Amino acid sequence: MPQRGFTVRALGEIAIRCVDFDAMVAFYRDVIGLEPMNDPENGNIVFFRIAEGFAGHTAVLALFRHDIEGAGNTRAGTEPPASGPGSSLHHLALSLPWEEQNAVIAWYEMLEREYHVETFSWVGWRGVFTKDPDGNSVELVAKEP
């Protein structure tokens with residue numbers, strides 16, 4: 001087999017085509033606590049900083065209105081995309097320290113958000129899951145120390 005010549009080092013961006021753009025922006029900013037990198041009131045595309053990333057490219061969550069075209073020749077759609085179980089997105093996992101997971105649970109309880117906790121003993125991870133406004137599963141995951 002020929003040598004590929006490159007190795008992926010990090011996740012650069014996750015982009016979601018939103019059913020309810022404004023509600024999704026509010027959720028990822030106000031509930032999850034991600035910091036917008038551009039004006040969240042622009043009504044079309046919002047980029048949220050996840051982490052430093054790799055080689056100068058910030059790790060980003062991008063939210064797009066479903067009816068506008070995006071990078072990579074991504075076509076706009078006239079109908080909102082399927083979400084939840086009808087979507088090809090299984091879930092989105094964001095990492096945080098183990099010692100902050102109890103704060104996540106307390107935050108969700110204060111907001112009266114539905115959530116559940118799953119432990120993945122085979123790899124030593126624990127995830128706190130909730131749903132975003134479009135019905136996508138969002139996991140805040142940590143490695144057990």
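Glu41 is exposed, with a relative accessible area of 61%; here exposed means over 50% relative accessible area, buried under 20%, and partly exposed in between (1.4 Å probe, protein chains only). The model is predicted: local features need pLDDT of at least 70, side-chain atom pairs count only at pLDDT 80 or more, and totals for chains, interfaces and linings use all residues. Residues are numbered from 1 along each chain as its sequence is written, and side-chain values use heavy atoms, with hydrogens and water left out.

**Salt bridges**

Side chains of opposite charge can pair when their charged atoms come close. The structure holds 4 salt bridges, a salt bridge being a side-chain nitrogen of Lys or Arg within 4 Å of a carboxyl oxygen of Asp or Glu. Glu41 takes part in one of them, with Arg29 as its partner. Arg29 lies in helix α1 (residues 21–31) and Glu41 in the loop between β2 (35–36) and β3 (45–54), so the pair ties together parts that are 12 residues apart in sequence. Helices (H or I, at least four residues) and strands (E, at least two) are DSSP runs, numbered from the N terminus. A network of salt bridges links Arg29, Asp30 and Glu41.

The table lists salt bridges with the N to O distance and the relative accessible area of each partner.

| Pair | Closest N and O atoms | First residue | Second residue |
|---|---|---|---|
| Arg29 and Glu41 | 3.6 Å | Arg29: 26%, partly exposed | Glu41: 61%, exposed |
| Arg49 and Glu52 | 2.3 Å | Arg49: 27%, partly exposed | Glu52: 55%, exposed |
| Arg65 and Asp67 | 2.8 Å | Arg65: 28%, partly exposed | Asp67: 35%, partly exposed |

**Sheet and helix α2**

An open sheet of 4 strands has the order β5-β8-β7-β6, with mixed pairing; two strands pair if DSSP finds at least two bridges between them. At its edges stand β5 (92–95) and β6 (116–120), each of which pairs on one side only. Direction ignored, neighbouring strands of this sheet are turned by 30 degrees against each other on average. Axes are lines fitted to C-alpha atoms, for helices over the stretch in contact, and angles run from 0 to 180 degrees between N-to-C directions.

Strands β5 and β8 (residues 137–143) run parallel and are joined by 4 bridges. Leu94 stands opposite Leu140 in β8. Helix α2 (residues 101–111) packs on the sheet and touches β6, β7 (125–131) and β8, where contact means heavy atoms within 4.5 Å. The direction of helix α2 makes about 20 degrees with that of β7.
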